[in-house]
Amino acid sequence: MADSASAKRWLPLEANPDVMNQFLWGLGVTPDEAECYDVYGLDEELLEMVPKPVLAVLFLFPITSQTEDERIQRDREAREQHTGVYFMKQTVGNACGTIGLLHAIGNITTEIKLAEGSFLDRFFKVTADFDPSERAAYLVKDSEMEVAHSVAATAGDTEASEEVDTHFICFVCVNENLYELDGRRAGPVSHGPSSASTLLQDAAKVIQKIIQNNPNSNNFNVISISKKTG
C-alpha cells in the first residue's frame, strides 16, 4: 500500500516466502546466502523454530484507523537522522512488499553476497548516497524492477488485486539498534537496543504490541530473512 495520491500502482506482493525467495534470488541474492521463512507464531517456542541467524523481519498488517494514527504520531520520531540505516520512501502504490525487501537487503549487504552485476548489486551501489526520496524516484523509473515485481505479484496462491488494505514493514538491526522501516513514514523509527542474536525476539515484541492495539483485525503475517549456514 502507499499514498492514494501515488500516480503509479503495482499489484501487491503476497506474504509468501516461496514467492519472495524466487523474487530475491532472481534479482541477485545468492540462494545459498539467504532465504525467507514463515514465522508461525510470536511465543518463544515458535520463534526458536525459525532458522538462525535472522537478518531481517518482514511484517504484514492490516491498515486501520489505529495503525494510521500510530504512524502519524511516530512520524515525529522518524524525522530524526539515523546514520548507517538504508531507508527509502514508497511512492508507488502497493509496492510495500518490494520496499520491505529492499529495506531488508539494503541493510544486510555486509552480511550476504549479492551476485556481481545483478539488479540488487547495481541498485544499492547507485543509490548508496541518495536520500530517501531520490531512492524512491530511481525505483519508479526502473522498468526491470517493475517487471520483476509484476512477475512475483502474480506468482502467489491468491488472485492478485490492486485493492488491498494491508501493508508491509521491515525490522532490521543496525548499529546495535532495532529499526522499523516503513516507506510511508518520514524515516526510520528506532525501537531501542538490539543485536544480531536478538533481532527476531526484539521485533516480535514490537509486532505483538501492534497486534494487541488492533484486536479486531487478524490479517497478520511475519516472515524472516535468515542467513543460510549449511
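How much space lies in the largest cavity? In this predicted model, the answer is about 30 Å³. A search of the whole structure for cavities of 30 Å³ or more returns one, and its surroundings offer a convenient place to start a tour of the fold.

The lining of the largest cavity is made up of Asn-21, Leu-24, Trp-25, Val-29, Ala-34, Glu-35, Cys-36, Ile-105 and Ile-225. Two elements each give two or more residues to this lining, namely α1, which spans 17-27, and β1, which spans 34-39. Sorted by class, the lining residues comprise seven that are nonpolar, one that is polar and one that is charged.

Helix α1 also takes part in helix packing, and its two partners described here are α4 and α7. Helix α4 covers residues 96-106, and its axis comes within 12 Å of that of α1, with a crossing angle of roughly 60°. The two helices α1 and α4 are therefore oblique to each other, and the crossing in which α1 passes α4 is right-handed. On the α1 side the contact is made by Met-20, Phe-23 and Leu-24, and on the α4 side by Thr-98, Leu-101 and Ile-105. Five nonpolar residues and one polar residue make up this contact of α1 with α4, with no charged residues. Readers following the cavity will recognise Leu-24 and Ile-105, as both also appear in its lining.

The second partner, helix α7, runs over residues 143-153; the axes of α1 and α7 come within 10 Å and cross at roughly 155°. An angle over 145 degrees counts as roughly antiparallel, and α1 and α7 are therefore roughly antiparallel to each other. Here too, the crossing is right-handed. From α1, the residues in contact are Val-19, Phe-23 and Leu-27, while α7 brings Met-145, Ala-148, His-149 and Ala-152. By class, six of the residues in the contact of α1 with α7 are nonpolar and one is polar, with none charged. Phe-23 of α1 thus deserves a second look in the viewer: Phe-23 is listed in the contact with α4 and again in the contact with α7.

A further helix pair is formed by α5, residues 119-127, and α6, residues 132-140, whose axes come within 10 Å and cross at roughly 140°. The crossing of α5 and α6 is right-handed. In this pair, Phe-123, Val-126 and Thr-127 of α5 meet Arg-135, Tyr-138 and Leu-139 of α6. The class breakdown for the contact of α5 with α6 is four nonpolar residues, one polar and one charged.

Finally, two points of backbone geometry may interest anyone checking torsions. Most residues other than glycine have a negative phi, and most peptide bonds are trans. Against that background, the peptide bond from Lys-52 to Pro-53 is cis, with omega near -5°. Pro-53 sits in the loop that joins α2, at 44-48, to β2, at 54-62. Asn-94 is the other case: its phi is near 65°, which is positive although the residue is not glycine. Asn-94 belongs to the loop between α3, which covers 65-78, and α4.

Methods
Residues numbered from 1 in each chain as written. Predicted model: local features only at pLDDT ≥ 70, side-chain atom pairs only at ≥ 80, totals over all residues. Heavy atoms only, no water. 1 Å grid on protein atoms, 1.4 Å probe; cavity = no way out; pocket = protein on both sides within 12 Å on 5 of 7 lines; lining within 4 Å. Points joined across faces, edges and corners; volume = space filled by probe spheres on them. Helix = DSSP H or I, 4+ residues; strand = E, 2+ residues; numbered from the N terminus. Nonpolar A, V, L, I, M, F, W, Y, C, P; charged D, E, K, R; others polar. Axes fitted to C-alpha atoms, helices over the stretch in contact; angles between N-to-C directions. Parallel < 35°, antiparallel > 145°, perpendicular 65-115°, else oblique. Left-handed = near helix turned anticlockwise from the far one by under 90°. Contact = heavy atoms within 4.5 Å.
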